[in-house]
Amino acid sequence: MPLLLTDEQQRLLRRAKLTPLLLLLLVALLFIVASWCLGQPFAQSRHWQLALRCLRAMTEAGMVGALADWFAVAALFKHIPIPWISRHTAIIPRNKDRIGENLAVFVRERFLDGDSLVQLVRTHQPADKLAQWLKSPANAELLGHQVARLAAAALATVQDAQVERFIKLALRTLLGQIDLSQSLSKVLAVLTHNGRHQVLLAQALDKLVELLHEAETRALIAQTIAHWLKTEHPLKEKMLPTGWLSDKGSAMIASSLEHLLDAIADNPSHVLRAKFDQTMQEWVERLAQDPAWHAKGEEVRRYLQHDPAVGQYVQELWQSLRASLQADLANEHSAMARNVRGMGLWLGKSLAGDAALRTALNTRMELWVRELAPEISQFFGTHIADTVKRWDARELGELIEWNIGRDLQYIRINGTLVGGLIGFALFWLGWLVNHLGAGSV
């Protein structure tokens, strides 16, 4: 990050430095004038001599104070080539890295330690503030808008051709690491654990029974029987009442299937259930151990990895999905936007109405920040130290001088004025001592 001052900042800094310089020149001019006047005939009276010597003492002390404070201020930022003293000048530029390290330690130990972060959480109660913020419909609207913007930005990033190639490569690499037969075996093993597949089978049977009760299903069966008679037995179809046979046949088939499905569903020990169990276990074992199935899985995996048609299909599917999502995100009245807003309002109301939940979230956040404090402080401390080290020493000196150097110029002004006052006081103190001493003699 460049630290160079702008032209306007440099102009203001030069202007700030000009004021104490002009004051120093004025004091020096008064010192010269007072010294010159002391030797002139018109200034030989007692009062003139006293006033001019007082002025000279004041201006002399003012110059000393101004020069001393000028050196003190300049030594912070500039190298002053004075023997034996120059190594103690340009203090800030020479100690840039140490300043960065000390600043990092200060921030890490005073602002990012565990106790400070926990106190920050306790003071602000983030869960309470989040609940109040989300309860406002306007804020929920803002949340939905920002989520949509972030999602749209992510989709726009993925649209780049290089990113798409990266995704394809990543998917192919992922597929290359998958053993399909073993993976399917594990999936089936999980699905069949403790008879879970039987629950799925029961649900499927219930759906089939419901389907058989529907008039559309029975009409389809009747049409199938009529078509079979026409194609396989055309002569019999002309002699027999096809419509009646189709209706009766569909009713009989539906009733028979219904009774069979009910019997299977009501009897956990039904022979077909046992056959289903046996088939599933055989599939699990064959997928895990059978070399032929393993080879078939490898063939499918290679096909998914390298077949151009599959790749093109996936790409077109993704592009279509992305275009649909982008259109949905661009429409602030879309279902997605409404869902996000609704989710925000629901979350706000849920948090606002559940004090125990808010307390639990705040407590959990305190634990998180305490556990993460060492990593957070170390990360930001290292970032601060490394950033300061990368800065140019001269530019850093100029930047600090711009921010605090203008106030430091008042030190030079004050040094001149305080020096003058000290010279004034010392002059009259000396005069008083001499006067009292002469009087006593």
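The legends below describe a predicted model, first as a whole and then in close-up views.

Residues are numbered from 1 along each chain as its sequence is written. In this predicted model, local features need pLDDT of at least 70, side-chain atom pairs count only at pLDDT 80 or more, and totals for chains, interfaces and linings use all residues, while side-chain values use heavy atoms and leave out hydrogens and water.

**Figure 1. The whole chain, with 19 helices and 0 strands.** Helices (H or I, at least four residues) and strands (E, at least two) are DSSP runs, numbered from the N terminus. Of the 441 residues in the chain, 28% are buried; buried means under 20% relative accessible area, exposed over 50%, and partly exposed in between, with a 1.4 Å probe and protein chains only. The accessible surface comes to about 29400 Å², and carbon and sulfur atoms account for 65% of that area. These areas come from the Shrake-Rupley method with a 1.4 Å probe, and for residues only the protein chains shown count as cover. A contact means heavy atoms within 4.5 Å. Among contacts between residues at least 6 apart in sequence, 73% join residues at least 24 apart.

**Figure 2. Confidence along the chain, from helix α2 to helix α12.** The predictor's confidence in each residue is given as pLDDT, from 0 to 100. The chain averages 76, and 70% of the residues score at least 70. Among the elements of the chain, helix α2 (residues 46–77) has the highest mean pLDDT, 88, and helix α12 (residues 234–239) the lowest, 48. Over residues 235–242 the pLDDT is below 50, and this stretch has 6 contacts in the model beyond near neighbours in sequence. Where pLDDT is low, the predicted coordinates should not be read in detail.

**Figure 3. Segments annotated as "transmembrane region" in UniProt.** The unreviewed UniProt entry places this annotation on residues 21–43, 55–77 and 413–433. UniProt positions are given in the numbering used here, feature names are shortened, and annotations may be inferred rather than shown by experiment. In the model, residues 21–43 are 78% helix and 0% strand, with the end C-alpha atoms 30 Å apart. Residues 413–433 are 100% helix and 0% strand, and their end C-alpha atoms lie 30 Å apart.

**Figure 4. An aromatic cluster formed by Phe-424, Phe-427, Trp-428 and Trp-431.** Rings of Phe, Tyr and Trp (its six-membered ring) pair if their centres lie within 6.5 Å; planes under 30 degrees apart count as stacked, over 60 as edge-to-face and the rest as tilted. The structure holds 6 aromatic pairs. One of them joins Phe-424 and Trp-428, which are edge-to-face at 6.3 Å centre to centre with 65 degrees between the planes. Both residues lie in helix α19 (residues 393–440), 4 residues apart, about one turn of the helix. Trp-428 and Trp-431 have ring centres 5.6 Å apart and planes at 75 degrees, so this pair is also edge-to-face. These two tryptophans are 3 residues apart in helix α19, again about one turn. Phe-424 is partly exposed at 37% relative accessible area, as are Trp-428 at 29% and Trp-431 at 30%.

**Figure 5. Meeting points of helix α2 and helix α19, seen at Met-58 and Ile-411.** Met-58, in helix α2, is partly exposed, with a relative accessible area of 26%. Leaving aside neighbours within four places in sequence, Met-58 is in contact with Gly-419, Gly-420, Gly-423 and Phe-424. Met-58 and Leu-426 are 368 residues apart in sequence, yet 8.9 Å apart in space, C-alpha to C-alpha. Ile-411, in helix α19, is partly exposed at 36% relative accessibility. Beyond its neighbours within four places in sequence, Ile-411 is in contact with Asp-69 and Val-73. From C-alpha to C-alpha, Ile-411 and Ala-72 are 9.2 Å apart, although 339 residues separate them in sequence.

**Figure 6. The loop residue Gln-125, between helices α5 and α6.** Most residues other than glycine have a negative phi. Gln-125 is not a glycine, but has a positive phi of about 45 degrees. The loop that holds Gln-125 lies between α5 (114–124) and α6 (126–135). At 28% relative accessibility, Gln-125 is partly exposed.

**Figure 7. The cysteines Cys-37 and Cys-54.** Cys-37 is buried, at 10% relative accessibility, and Cys-54 is buried at 6%. A disulfide is a pair of cysteine sulfur atoms within 2.5 Å; by this rule the structure has 0 disulfides.
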